[in-house]
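Thanks, everyone. I would like to take one residue as our way into this model, and then step back to the protein as a whole.

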Amino acid sequence: MQLFYAPDIILPLYTLGEEESKHCVRVLRLGEGDRLHITDGRGDLHLCEVVDAHPKRCTVRVISTEHEFEKMPYRLVMAVAPTKNIERFEWFLEKATEVGVSEFIPLETAHSERRTIKLEREQKVVTSAVKQSLKAYHPAMCDMTQFRKVLEMPFEGRRFIAHCGEAVKGKTYLAKTLAAGEDVMILIGPEGDFSPEEVAAAVACGFEEITLGHQRLRTETAAVVAVTMVAVVNEAAK
């Protein structure tokens with residue numbers, strides 16, 4: 001299945017942008033009558049037929065639409081401190097999108113070695129992963145956000161903070177405390193971990209302290225492990 005991302009798609013006829021048209025006609029060599037899929041990133045998966053194979057403005061007709069295609073039974077928000085080596089953070093964005101995430105929040109913390117990101121670049125990484133993994137839901141990608149602001153964000157589900165320091169109230173292994181279908185927000189710190197003050201502030205705001213196991217993990221590895229645990233708990237409950 002060839003999947004294209006078009007958040008602005010209009011039915012029944014839609015013209016792909018120049019870059020996507022070139023990929024469709026020049027790279028994939030699709031012609032009139034050939035079929036492809038387009039998602040709006042909000043759960044709709046459209047089966048389309050090429051009606052004008054122009055390399056700069058390829059036009060397709062929507063034949064059918066599947067709503068809520070492979071919708072996750074939970075919402076997962078990952079607030080993760082970007083690594084100094086941005087490629088490692090982008091690796092996390094790609095892999096987490098493949099597994100299933102609702103929203104990414106790049107987190108600025110006391111020990112952060114990176115305090116800015118190129119939002120447009122990171123959005124492209126996520127979009128590419130959406131298309132490669134055939135997702136109909138495009139995760140939201142936020143700009144760098146201060147730790148305190150994330151603590152104050154309204155969230156209806158359970159909120160967790162993973163850290164390696166001494167527990168304030170006590171840590172629980174994430175996979176053991178999760179229940180299928182729960183909406184979850186998980187905070188993952190930078191290379192230097194969260195500061196004791198940040199952990200205490202999170203706990204005071206209702207966050208639960210968690211561990212991801214006894215292994216010492218890099219930031220991006222810990223974040224992918226957390227995403228995978230949530231997915232496995234939900235998959236096992238089916």
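Thr 65 sits in strand S5, the strand that runs over residues 59–66, and I should say at once that we are looking at a predicted model. Is Thr 65 buried, exposed or something in between? Its relative accessibility comes to 29%, and because partly exposed covers the range between under 20% for buried and over 50% for exposed, Thr 65 counts as partly exposed.

Which residues does Thr 65 touch, once we leave aside those up to four places away in sequence? They are Leu 11, Asp 44, Leu 45 and His 46. Let me stay with His 46, which is 19 residues from Thr 65 in sequence, although their C-alpha atoms are 4.4 Å apart in space. The side chains of these two residues, Thr 65 and His 46, are also joined by a polar contact of 2.7 Å.

Stepping back to the protein, its secondary structure consists of seven helices and 13 strands, and its C-alpha atoms fill a box of roughly 65 × 40 × 30 Å along the principal axes. Of its 238 residues, 47% count as buried, and if we take contacts between residues at least 6 apart in sequence, 74% of them join residues at least 24 apart.

As for the surface, the protein exposes about 12,200 Å², with carbon and sulfur atoms supplying 48% of that area. Finally, on charge, there are 30 positive and 36 negative side chains, and the centres of these two sets lie 3 Å apart.

How values were computed
Residues are numbered from 1 along each chain as its sequence is written. This is a predicted model: local features need pLDDT of at least 70, side-chain atom pairs count only at pLDDT 80 or more; totals for chains, interfaces and linings use all residues. Side-chain values use heavy atoms; hydrogens and water are left out. Helices (H or I, at least four residues) and strands (E, at least two) are DSSP runs, numbered from the N terminus. Buried means under 20% relative accessible area, exposed over 50%, partly exposed in between (1.4 Å probe, protein chains only). Contact means heavy atoms within 4.5 Å. Accessible areas come from the Shrake-Rupley method with a 1.4 Å probe; for residues, only the protein chains shown count as cover. Lys and Arg count as positive and Asp and Glu as negative; His and the chain ends are not counted. The place of a charge is taken as NZ of Lys, CZ of Arg, CG of Asp or CD of Glu. A polar contact is a pair of N or O atoms within 3.5 Å; within protein, one must be able to donate a hydrogen and the other to accept it, and residues adjacent in sequence count only if both atoms are side-chain atoms.
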